[in-house]
Amino acid sequence: MTDLSYDDADDPEVVDYDGDQLDLAERLSLRRVAGMSTQLADITEVEYRDLQLERVVLVSVWTQGTQADVDNALAELKLLAETAGSDVLEALVQRRSHPDPATFIGRGKVDELREVVMATGADTVICDGELEPAQLRNLEDRVRVKVIDRTALILDIFAQHAKSAEGKAQVELAQLQYLRQRLRGWGGNLSRQAGGRAAGGAGIGGRGPGETKIETDRRRIRIRIQMLRKRLREMDEVRATKRQERQRNDVPSVAIVGYTNAGKSSLLNRLTGAGVLVEDALFATLDPTTRRSESSDGRIYTLTDTVGFVRHLPHDLVEAFRSTLEESVLADLLLHVVDGSDPDPEGQIRAVRTVLGEIGASDVAEQLVINKIDRADAAALTALRSQYPDAVFVSARTGAGLPELKERVEQRLPRPPVAVRALVPYDRGDLVNKIHQFGEFVSQEHTPDGTLLDVRVNPDLAAELAAFVVAD
(Lines give C-alpha, C1' and ligand atoms only; values in the text may rest on other atoms or scores of the structure.)
Protein backbone atom coordinates (compact mmCIF):
# COMPACT_ATOMS: atom_id res chain seq x y z
CA MET A 1 0.00 0.00 0.00
CA THR A 2 1.42 3.39 -0.97
CA ASP A 3 1.99 5.80 1.91
CA LEU A 4 0.28 9.03 0.85
CA SER A 5 1.44 11.11 3.81
CA TYR A 6 4.15 13.73 3.36
CA ASP A 7 6.63 15.30 5.74
CA ASP A 8 8.42 18.53 4.86
CA ALA A 9 11.46 17.33 6.79
CA ASP A 10 11.81 14.40 4.35
CA ASP A 11 11.70 16.63 1.28
CA PRO A 12 14.14 19.55 1.21
CA GLU A 13 12.81 20.57 -2.23
CA VAL A 14 9.38 21.52 -0.90
CA VAL A 15 8.52 25.12 -1.73
CA ASP A 16 5.55 26.71 -0.02
CA TYR A 17 4.18 28.69 -2.98
CA ASP A 18 0.79 30.33 -3.33
CA GLY A 19 1.32 33.02 -5.94
CA ASP A 20 2.07 36.69 -5.39
CA GLN A 21 -0.66 37.13 -2.78
CA LEU A 22 -1.43 40.70 -3.79
CA ASP A 23 -4.87 40.63 -2.20
CA LEU A 24 -3.48 39.37 1.09
CA ALA A 25 -0.76 42.03 1.09
CA GLU A 26 -3.36 44.74 0.65
CA ARG A 27 -5.49 43.31 3.44
CA LEU A 28 -2.57 43.24 5.85
CA SER A 29 -1.17 46.62 4.86
CA LEU A 30 -2.57 48.39 7.94
CA ARG A 31 -0.76 47.80 11.22
CA ARG A 32 -1.18 49.23 14.69
CA VAL A 33 1.81 51.45 15.51
CA ALA A 34 3.15 50.85 19.02
CA GLY A 35 4.02 53.86 21.15
CA MET A 36 1.40 56.17 19.68
CA SER A 37 -1.22 55.64 22.36
CA THR A 38 -2.17 58.41 24.80
CA GLN A 39 -2.60 55.80 27.53
CA LEU A 40 -0.04 55.86 30.34
CA ALA A 41 0.98 52.28 29.56
CA ASP A 42 0.99 51.17 25.94
CA ILE A 43 -0.33 47.73 25.09
CA THR A 44 0.93 45.21 22.59
CA GLU A 45 -0.86 44.37 19.34
CA VAL A 46 -1.88 40.99 20.75
CA GLU A 47 -3.38 42.65 23.84
CA TYR A 48 -5.09 45.23 21.60
CA ARG A 49 -6.71 42.45 19.56
CA ASP A 50 -7.72 40.62 22.74
CA LEU A 51 -9.57 43.71 23.95
CA GLN A 52 -11.67 43.74 20.78
CA LEU A 53 -12.82 40.12 20.89
CA GLU A 54 -16.38 39.29 21.92
CA ARG A 55 -16.57 36.77 24.74
CA VAL A 56 -18.99 34.07 23.65
CA VAL A 57 -20.62 30.88 24.87
CA LEU A 58 -21.63 28.22 22.32
CA VAL A 59 -24.90 26.32 22.60
CA SER A 60 -25.87 23.24 20.59
CA VAL A 61 -28.83 20.86 20.54
CA TRP A 62 -27.96 17.23 19.75
CA THR A 63 -30.92 15.71 17.92
CA GLN A 64 -29.27 12.97 15.83
CA GLY A 65 -25.92 11.46 14.90
CA THR A 66 -23.04 10.18 16.99
CA GLN A 67 -20.93 11.86 19.64
CA ALA A 68 -18.23 12.38 17.00
CA ASP A 69 -20.73 14.24 14.81
CA VAL A 70 -21.60 16.54 17.71
CA ASP A 71 -17.94 17.19 18.49
CA ASN A 72 -17.18 18.00 14.83
CA ALA A 73 -20.18 20.34 14.61
CA LEU A 74 -19.11 22.21 17.77
CA ALA A 75 -15.51 22.41 16.55
CA GLU A 76 -16.75 23.96 13.31
CA LEU A 77 -18.97 26.41 15.21
CA LYS A 78 -15.94 27.38 17.31
CA LEU A 79 -13.93 28.06 14.15
CA LEU A 80 -16.78 30.15 12.75
CA ALA A 81 -17.00 32.16 15.97
CA GLU A 82 -13.24 32.75 16.06
CA THR A 83 -13.24 33.77 12.39
CA ALA A 84 -15.91 36.36 13.21
CA GLY A 85 -13.69 37.78 15.98
CA SER A 86 -14.76 36.00 19.16
CA ASP A 87 -13.10 34.48 22.19
CA VAL A 88 -14.92 31.20 22.92
CA LEU A 89 -15.22 30.67 26.67
CA GLU A 90 -17.55 27.71 27.06
CA ALA A 91 -19.76 25.30 25.10
CA LEU A 92 -22.99 23.64 26.19
CA VAL A 93 -24.75 20.71 24.51
CA GLN A 94 -28.22 19.36 25.23
CA ARG A 95 -29.53 16.02 23.97
CA ARG A 96 -33.11 16.41 22.77
CA SER A 97 -35.38 14.82 20.17
CA HIS A 98 -35.99 18.28 18.72
CA PRO A 99 -35.16 21.91 19.70
CA ASP A 100 -37.48 23.55 22.21
CA PRO A 101 -40.00 25.68 20.26
CA ALA A 102 -39.82 28.51 22.82
CA THR A 103 -36.17 28.78 23.76
CA PHE A 104 -34.24 26.32 21.50
CA ILE A 105 -32.98 24.57 24.67
CA GLY A 106 -35.08 23.45 27.63
CA ARG A 107 -36.05 25.72 30.53
CA GLY A 108 -33.53 24.14 32.91
CA LYS A 109 -30.76 24.50 30.36
CA VAL A 110 -31.64 28.19 29.94
CA ASP A 111 -31.05 28.70 33.67
CA GLU A 112 -27.75 26.82 33.42
CA LEU A 113 -26.77 28.92 30.42
CA ARG A 114 -27.53 32.09 32.35
CA GLU A 115 -25.28 30.90 35.21
CA VAL A 116 -22.44 30.13 32.79
CA VAL A 117 -22.79 33.54 31.15
CA MET A 118 -22.62 35.29 34.51
CA ALA A 119 -19.69 33.17 35.71
CA THR A 120 -17.58 33.67 32.59
CA GLY A 121 -18.52 37.28 31.88
CA ALA A 122 -19.65 36.42 28.36
CA ASP A 123 -21.45 39.07 26.35
CA THR A 124 -22.76 36.89 23.50
CA VAL A 125 -24.40 33.49 23.09
CA ILE A 126 -24.11 31.69 19.74
CA CYS A 127 -26.61 28.90 18.98
CA ASP A 128 -25.75 26.16 16.49
CA GLY A 129 -28.91 26.38 14.39
CA GLU A 130 -31.27 28.87 12.80
CA LEU A 131 -33.50 30.29 15.52
CA GLU A 132 -37.06 31.41 15.01
CA PRO A 133 -37.70 35.07 15.92
CA ALA A 134 -39.62 34.02 19.05
CA GLN A 135 -36.80 31.72 20.19
CA LEU A 136 -34.27 34.49 19.71
CA ARG A 137 -36.38 36.99 21.64
CA ASN A 138 -37.14 34.59 24.51
CA LEU A 139 -33.50 33.57 24.93
CA GLU A 140 -32.30 37.19 24.99
CA ASP A 141 -34.96 38.12 27.54
CA ARG A 142 -33.94 35.27 29.88
CA VAL A 143 -30.17 35.17 29.40
CA ARG A 144 -29.91 38.99 29.21
CA VAL A 145 -27.04 39.10 26.73
CA LYS A 146 -26.95 39.23 22.93
CA VAL A 147 -28.00 35.96 21.29
CA ILE A 148 -27.25 35.13 17.65
CA ASP A 149 -27.72 31.96 15.64
CA ARG A 150 -25.50 30.15 13.16
CA THR A 151 -27.05 31.98 10.20
CA ALA A 152 -26.31 35.44 11.64
CA LEU A 153 -22.76 34.30 12.44
CA ILE A 154 -22.08 33.16 8.87
CA LEU A 155 -23.60 36.36 7.48
CA ASP A 156 -21.32 38.40 9.75
CA ILE A 157 -18.24 36.55 8.46
CA PHE A 158 -19.35 37.15 4.88
CA ALA A 159 -19.81 40.86 5.65
CA GLN A 160 -16.26 41.06 7.00
CA HIS A 161 -14.70 39.35 3.97
CA ALA A 162 -16.74 40.92 1.14
CA LYS A 163 -14.53 43.22 -0.93
CA SER A 164 -16.07 43.75 -4.35
CA ALA A 165 -19.20 45.82 -4.95
CA GLU A 166 -21.05 42.68 -6.03
CA GLY A 167 -19.95 40.71 -2.97
CA LYS A 168 -20.98 43.50 -0.60
CA ALA A 169 -24.37 43.83 -2.28
CA GLN A 170 -24.97 40.08 -2.11
CA VAL A 171 -24.11 39.94 1.58
CA GLU A 172 -26.25 42.98 2.41
CA LEU A 173 -29.19 41.44 0.55
CA ALA A 174 -28.89 38.21 2.54
CA GLN A 175 -28.57 40.14 5.82
CA LEU A 176 -31.66 42.26 5.11
CA GLN A 177 -33.73 39.22 4.16
CA TYR A 178 -32.68 37.59 7.43
CA LEU A 179 -33.28 40.74 9.49
CA ARG A 180 -36.69 41.51 8.02
CA GLN A 181 -38.29 38.60 9.90
CA ARG A 182 -36.51 39.40 13.17
CA LEU A 183 -37.27 43.06 13.83
CA ARG A 184 -38.47 43.80 17.34
CA GLY A 185 -40.98 46.41 18.46
CA TRP A 186 -41.46 47.73 21.99
CA GLY A 187 -45.08 48.84 22.14
CA GLY A 188 -47.27 51.57 20.73
CA ASN A 189 -45.11 54.38 22.14
CA LEU A 190 -42.91 54.01 19.08
CA SER A 191 -45.79 54.69 16.69
CA ARG A 192 -45.69 57.72 14.41
CA GLN A 193 -48.57 60.08 15.21
CA ALA A 194 -50.55 61.49 12.32
CA GLY A 195 -52.55 64.68 12.74
CA GLY A 196 -53.11 68.38 11.94
CA ARG A 197 -52.11 70.03 8.70
CA ALA A 198 -49.06 67.82 8.46
CA ALA A 199 -51.36 64.83 8.12
CA GLY A 200 -52.73 66.02 4.81
CA GLY A 201 -55.60 67.99 6.40
CA ALA A 202 -57.06 65.03 8.30
CA GLY A 203 -57.41 67.23 11.40
CA ILE A 204 -59.72 66.17 14.22
CA GLY A 205 -60.53 62.50 14.05
CA GLY A 206 -57.50 61.76 11.91
CA ARG A 207 -55.00 61.71 14.77
CA GLY A 208 -53.83 58.45 16.31
CA PRO A 209 -51.24 55.75 15.99
CA GLY A 210 -49.88 55.96 12.49
CA GLU A 211 -47.10 53.83 11.08
CA THR A 212 -45.15 52.22 13.93
CA LYS A 213 -41.39 52.27 13.96
CA ILE A 214 -41.20 48.56 13.20
CA GLU A 215 -43.45 49.07 10.18
CA THR A 216 -41.25 51.93 9.03
CA ASP A 217 -38.14 49.76 9.38
CA ARG A 218 -39.75 46.93 7.43
CA ARG A 219 -40.75 49.31 4.66
CA ARG A 220 -37.22 50.73 4.45
CA ILE A 221 -35.76 47.23 4.37
CA ARG A 222 -38.17 46.22 1.61
CA ILE A 223 -37.19 49.25 -0.49
CA ARG A 224 -33.49 48.57 0.09
CA ILE A 225 -33.90 44.91 -0.91
CA GLN A 226 -35.54 46.00 -4.18
CA MET A 227 -32.64 48.38 -4.88
CA LEU A 228 -30.05 45.69 -4.17
CA ARG A 229 -31.78 43.16 -6.39
CA LYS A 230 -31.86 45.67 -9.24
CA ARG A 231 -28.16 46.46 -8.75
CA LEU A 232 -27.26 42.75 -8.70
CA ARG A 233 -29.23 42.16 -11.90
CA GLU A 234 -27.15 44.88 -13.59
CA MET A 235 -23.92 43.32 -12.31
CA ASP A 236 -25.10 39.92 -13.44
CA GLU A 237 -25.50 41.24 -16.98
CA VAL A 238 -21.80 42.18 -17.01
CA ARG A 239 -20.86 38.71 -15.76
CA ALA A 240 -23.15 37.10 -18.33
CA THR A 241 -21.50 39.12 -21.14
CA LYS A 242 -18.05 37.85 -20.14
CA ARG A 243 -19.42 34.31 -19.87
CA GLN A 244 -21.03 34.55 -23.33
CA GLU A 245 -17.70 35.64 -24.85
CA ARG A 246 -16.05 32.48 -23.46
CA GLN A 247 -18.95 30.32 -24.64
CA ARG A 248 -18.86 31.91 -28.10
CA ASN A 249 -15.28 30.69 -28.49
CA ASP A 250 -16.27 27.35 -26.91
CA VAL A 251 -13.64 27.74 -24.20
CA PRO A 252 -14.14 24.87 -21.72
CA SER A 253 -14.66 25.98 -18.11
CA VAL A 254 -13.60 24.25 -14.91
CA ALA A 255 -15.02 25.44 -11.58
CA ILE A 256 -13.23 24.72 -8.30
CA VAL A 257 -15.85 24.01 -5.64
CA GLY A 258 -15.68 22.60 -2.13
CA TYR A 259 -16.02 23.16 1.57
CA THR A 260 -14.76 26.41 3.04
CA ASN A 261 -11.04 26.38 3.84
CA ALA A 262 -10.47 23.18 1.83
CA GLY A 263 -7.67 24.84 -0.16
CA LYS A 264 -9.48 25.89 -3.35
CA SER A 265 -7.65 29.22 -3.75
CA SER A 266 -4.27 27.58 -3.09
CA LEU A 267 -5.06 25.05 -5.79
CA LEU A 268 -5.99 27.82 -8.25
CA ASN A 269 -2.72 29.58 -7.50
CA ARG A 270 -0.76 26.37 -8.01
CA LEU A 271 -2.43 25.60 -11.32
CA THR A 272 -2.44 29.13 -12.79
CA GLY A 273 -0.23 31.40 -10.63
CA ALA A 274 -3.28 33.60 -10.04
CA GLY A 275 -1.99 35.14 -6.80
CA VAL A 276 -5.43 35.32 -5.19
CA LEU A 277 -5.96 35.65 -1.44
CA VAL A 278 -5.01 32.55 0.53
CA GLU A 279 -5.65 32.50 4.25
CA ASP A 280 -6.18 29.76 6.82
CA ALA A 281 -9.65 31.07 7.64
CA LEU A 282 -13.23 30.22 6.84
CA PHE A 283 -14.80 32.02 3.85
CA ALA A 284 -11.61 33.89 2.93
CA THR A 285 -12.81 33.85 -0.70
CA LEU A 286 -16.19 35.39 -1.57
CA ASP A 287 -15.57 36.85 -5.02
CA PRO A 288 -15.08 34.29 -7.82
CA THR A 289 -11.78 34.53 -9.68
CA THR A 290 -11.45 33.20 -13.25
CA ARG A 291 -8.04 32.55 -14.76
CA ARG A 292 -6.96 31.18 -18.12
CA SER A 293 -5.05 27.91 -18.24
CA GLU A 294 -3.59 25.79 -21.03
CA SER A 295 -3.44 22.04 -21.51
CA SER A 296 -0.28 20.20 -22.50
CA ASP A 297 -1.48 20.07 -26.13
CA GLY A 298 -2.19 23.82 -26.23
CA ARG A 299 -5.96 23.88 -25.61
CA ILE A 300 -7.22 26.86 -23.61
CA TYR A 301 -9.66 26.46 -20.73
CA THR A 302 -10.68 28.55 -17.71
CA LEU A 303 -10.38 27.78 -14.01
CA THR A 304 -12.74 29.56 -11.60
CA ASP A 305 -12.31 29.75 -7.83
CA THR A 306 -15.73 29.91 -6.14
CA VAL A 307 -17.10 30.70 -2.69
CA GLY A 308 -16.77 27.85 -0.19
CA PHE A 309 -19.73 25.93 1.18
CA VAL A 310 -20.50 24.87 4.73
CA ARG A 311 -22.98 22.61 6.49
CA HIS A 312 -26.43 24.21 6.74
CA LEU A 313 -25.46 27.12 4.50
CA PRO A 314 -28.20 29.77 5.03
CA HIS A 315 -30.85 29.64 2.32
CA ASP A 316 -30.91 33.46 2.02
CA LEU A 317 -27.18 33.38 1.36
CA VAL A 318 -27.55 30.78 -1.40
CA GLU A 319 -30.27 32.92 -3.01
CA ALA A 320 -28.24 36.13 -2.76
CA PHE A 321 -25.12 34.47 -4.23
CA ARG A 322 -27.05 32.61 -6.94
CA SER A 323 -25.54 34.68 -9.79
CA THR A 324 -22.03 33.97 -8.47
CA LEU A 325 -22.77 30.28 -7.98
CA GLU A 326 -23.92 30.04 -11.60
CA GLU A 327 -20.24 29.67 -12.50
CA SER A 328 -20.55 26.17 -11.03
CA VAL A 329 -23.85 25.40 -12.78
CA LEU A 330 -22.52 26.37 -16.23
CA ALA A 331 -19.09 24.75 -15.87
CA ASP A 332 -18.04 21.77 -17.99
CA LEU A 333 -16.22 20.17 -15.05
CA LEU A 334 -16.28 20.65 -11.27
CA LEU A 335 -13.10 20.14 -9.28
CA HIS A 336 -14.58 19.19 -5.91
CA VAL A 337 -11.81 19.94 -3.39
CA VAL A 338 -11.95 18.15 -0.03
CA ASP A 339 -9.79 18.77 3.04
CA GLY A 340 -8.22 15.35 3.59
CA SER A 341 -7.00 16.39 7.06
CA ASP A 342 -10.50 17.24 8.31
CA PRO A 343 -11.97 14.90 10.96
CA ASP A 344 -15.07 14.35 8.79
CA PRO A 345 -14.22 14.64 5.05
CA GLU A 346 -17.25 12.52 4.11
CA GLY A 347 -19.49 15.06 5.87
CA GLN A 348 -17.84 17.84 3.84
CA ILE A 349 -18.52 15.97 0.61
CA ARG A 350 -22.19 15.45 1.51
CA ALA A 351 -22.64 19.12 2.49
CA VAL A 352 -21.10 20.39 -0.77
CA ARG A 353 -23.15 18.03 -2.92
CA THR A 354 -26.29 19.15 -1.09
CA VAL A 355 -25.64 22.81 -1.99
CA LEU A 356 -24.72 21.84 -5.58
CA GLY A 357 -28.10 20.13 -5.80
CA GLU A 358 -29.85 23.26 -4.49
CA ILE A 359 -28.33 25.45 -7.21
CA GLY A 360 -28.91 22.90 -10.00
CA ALA A 361 -25.30 21.77 -10.51
CA SER A 362 -25.68 18.15 -9.41
CA ASP A 363 -25.58 16.91 -13.04
CA VAL A 364 -22.29 18.64 -13.91
CA ALA A 365 -19.30 16.29 -14.29
CA GLU A 366 -17.32 16.13 -11.04
CA GLN A 367 -13.71 15.28 -10.27
CA LEU A 368 -13.04 14.69 -6.57
CA VAL A 369 -9.73 16.15 -5.32
CA ILE A 370 -8.50 15.21 -1.84
CA ASN A 371 -6.27 18.11 -0.74
CA LYS A 372 -3.88 18.68 2.19
CA ILE A 373 -2.39 15.18 2.09
CA ASP A 374 0.74 16.64 3.70
CA ARG A 375 -1.32 17.22 6.88
CA ALA A 376 -3.61 14.20 6.77
CA ASP A 377 -3.18 10.95 8.66
CA ALA A 378 -1.96 8.05 6.49
CA ALA A 379 -4.69 5.71 7.73
CA ALA A 380 -7.38 8.30 6.95
CA LEU A 381 -5.98 8.76 3.42
CA THR A 382 -5.98 5.00 2.87
CA ALA A 383 -9.64 4.85 3.87
CA LEU A 384 -10.50 7.76 1.54
CA ARG A 385 -8.61 6.13 -1.32
CA SER A 386 -10.60 2.94 -0.81
CA GLN A 387 -13.92 4.80 -0.60
CA TYR A 388 -13.25 7.18 -3.53
CA PRO A 389 -11.02 5.25 -5.98
CA ASP A 390 -11.41 7.86 -8.75
CA ALA A 391 -10.27 10.77 -6.56
CA VAL A 392 -6.93 12.52 -7.09
CA PHE A 393 -4.83 13.05 -3.94
CA VAL A 394 -2.84 16.30 -3.90
CA SER A 395 -1.22 18.92 -1.70
CA ALA A 396 -1.64 22.46 -3.00
CA ARG A 397 0.99 23.59 -0.47
CA THR A 398 3.79 21.19 -1.47
CA GLY A 399 2.73 20.49 -5.06
CA ALA A 400 2.40 16.73 -4.56
CA GLY A 401 -0.03 15.07 -6.98
CA LEU A 402 -0.56 18.18 -9.15
CA PRO A 403 0.83 16.64 -12.39
CA GLU A 404 -1.68 13.80 -12.08
CA LEU A 405 -4.47 16.32 -11.42
CA LYS A 406 -3.59 18.38 -14.50
CA GLU A 407 -3.56 15.22 -16.61
CA ARG A 408 -6.95 14.14 -15.22
CA VAL A 409 -8.47 17.57 -15.94
CA GLU A 410 -7.21 17.49 -19.53
CA GLN A 411 -8.69 14.02 -20.02
CA ARG A 412 -12.10 15.15 -18.78
CA LEU A 413 -12.30 18.43 -20.73
CA PRO A 414 -15.09 18.29 -23.33
CA ARG A 415 -13.88 17.43 -26.83
CA PRO A 416 -14.79 19.75 -29.74
CA PRO A 417 -17.75 18.22 -31.60
CA VAL A 418 -16.82 18.61 -35.30
CA ALA A 419 -14.17 16.44 -37.01
CA VAL A 420 -12.45 18.20 -39.95
CA ARG A 421 -9.75 17.17 -42.44
CA ALA A 422 -8.31 20.26 -44.12
CA LEU A 423 -5.27 21.39 -46.13
CA VAL A 424 -4.44 24.81 -44.68
CA PRO A 425 -2.10 27.05 -46.72
CA TYR A 426 1.05 28.19 -44.99
CA ASP A 427 -0.07 31.82 -45.15
CA ARG A 428 -3.08 30.98 -42.91
CA GLY A 429 -1.13 30.37 -39.74
CA ASP A 430 -3.86 32.25 -37.87
CA LEU A 431 -6.22 29.29 -38.42
CA VAL A 432 -3.65 26.82 -37.15
CA ASN A 433 -3.15 28.98 -34.06
CA LYS A 434 -6.93 29.03 -33.43
CA ILE A 435 -7.00 25.26 -33.65
CA HIS A 436 -4.19 25.11 -31.07
CA GLN A 437 -6.21 27.33 -28.75
CA PHE A 438 -9.76 26.12 -29.23
CA GLY A 439 -9.51 22.76 -30.99
CA GLU A 440 -7.84 19.38 -30.73
CA PHE A 441 -5.23 17.94 -33.10
CA VAL A 442 -5.59 14.34 -34.22
CA SER A 443 -2.73 14.51 -36.72
CA GLN A 444 -0.88 17.00 -38.90
CA GLU A 445 1.40 16.61 -41.91
CA HIS A 446 3.41 19.24 -43.76
CA THR A 447 3.01 19.03 -47.55
CA PRO A 448 4.24 21.24 -50.43
CA ASP A 449 0.80 22.86 -50.64
CA GLY A 450 0.23 23.47 -46.92
CA THR A 451 -0.43 21.70 -43.63
CA LEU A 452 -2.72 18.67 -43.82
CA LEU A 453 -4.71 18.58 -40.58
CA ASP A 454 -7.04 16.10 -38.95
CA VAL A 455 -8.64 18.07 -36.13
CA ARG A 456 -11.70 18.40 -33.93
CA VAL A 457 -13.05 21.94 -33.64
CA ASN A 458 -16.17 23.89 -32.67
CA PRO A 459 -18.79 24.73 -35.34
CA ASP A 460 -17.63 28.36 -35.80
CA LEU A 461 -14.04 27.32 -36.45
CA ALA A 462 -15.24 24.49 -38.71
CA ALA A 463 -16.99 27.12 -40.83
CA GLU A 464 -13.72 29.05 -41.18
CA LEU A 465 -11.95 25.87 -42.29
CA ALA A 466 -14.68 24.91 -44.77
CA ALA A 467 -12.80 26.43 -47.75
CA PHE A 468 -9.82 24.16 -47.14
CA VAL A 469 -11.61 20.87 -46.44
CA VAL A 470 -10.30 17.88 -48.41
CA ALA A 471 -11.77 14.43 -48.95
CA ASP A 472 -10.58 11.57 -46.76
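Buried means under 20% relative accessible area, exposed means over 50%, and partly exposed lies in between. The model here is predicted.

**Exercise 1.** Classify Asn261 as buried, partly exposed or exposed, and place it in the chain.

*Solution.*
- Start with location: Asn261 sits in the loop between β7 (253–258) and α9 (264–272).
- Take the backbone next. Asn261 is not a glycine, yet its phi is positive, near 65 degrees.
- Now the accessibility. The relative accessible area of Asn261 is 22%, so the residue is partly exposed.

**Exercise 2.** Do the same for Phe104: is it buried or exposed?

*Solution.*
- Phe104 belongs to the loop between β2 (86–95) and α4 (107–120).
- Its phi is positive at about 75 degrees, although Phe104 is not a glycine.
- Phe104 has 5% relative accessibility and therefore counts as buried.

**Exercise 3.** Describe how α9 packs against helix α14, and state which residues meet.

*Solution.*
- Two numbers are needed: packed helices are described by the angle between their axes and the distance between the axes.
- For α9 and α14 (residues 402–412), the angle is about 85 degrees and the axes are 11 Å apart.
- Angles of 65 to 115 degrees count as roughly perpendicular, so α9 is roughly perpendicular to α14.
- List the contact residues. From α9 come Leu267, Arg270 and Leu271; they meet Leu402, Leu405 and Lys406 of α14.
- Sort them by type. The contact of α9 with α14 has four nonpolar residues, two charged and no polar.

Key
Residues numbered from 1 in each chain as written. Predicted model: local features only at pLDDT ≥ 70, side-chain atom pairs only at ≥ 80, totals over all residues. Heavy atoms only, no water. Helix = DSSP H or I, 4+ residues; strand = E, 2+ residues; numbered from the N terminus. Buried < 20%, exposed > 50% of the residue type's maximum accessible area, 1.4 Å probe, protein only. Axes fitted to C-alpha atoms, helices over the stretch in contact; angles between N-to-C directions. Parallel < 35°, antiparallel > 145°, perpendicular 65-115°, else oblique. Contact = heavy atoms within 4.5 Å. Nonpolar A, V, L, I, M, F, W, Y, C, P; charged D, E, K, R; others polar.
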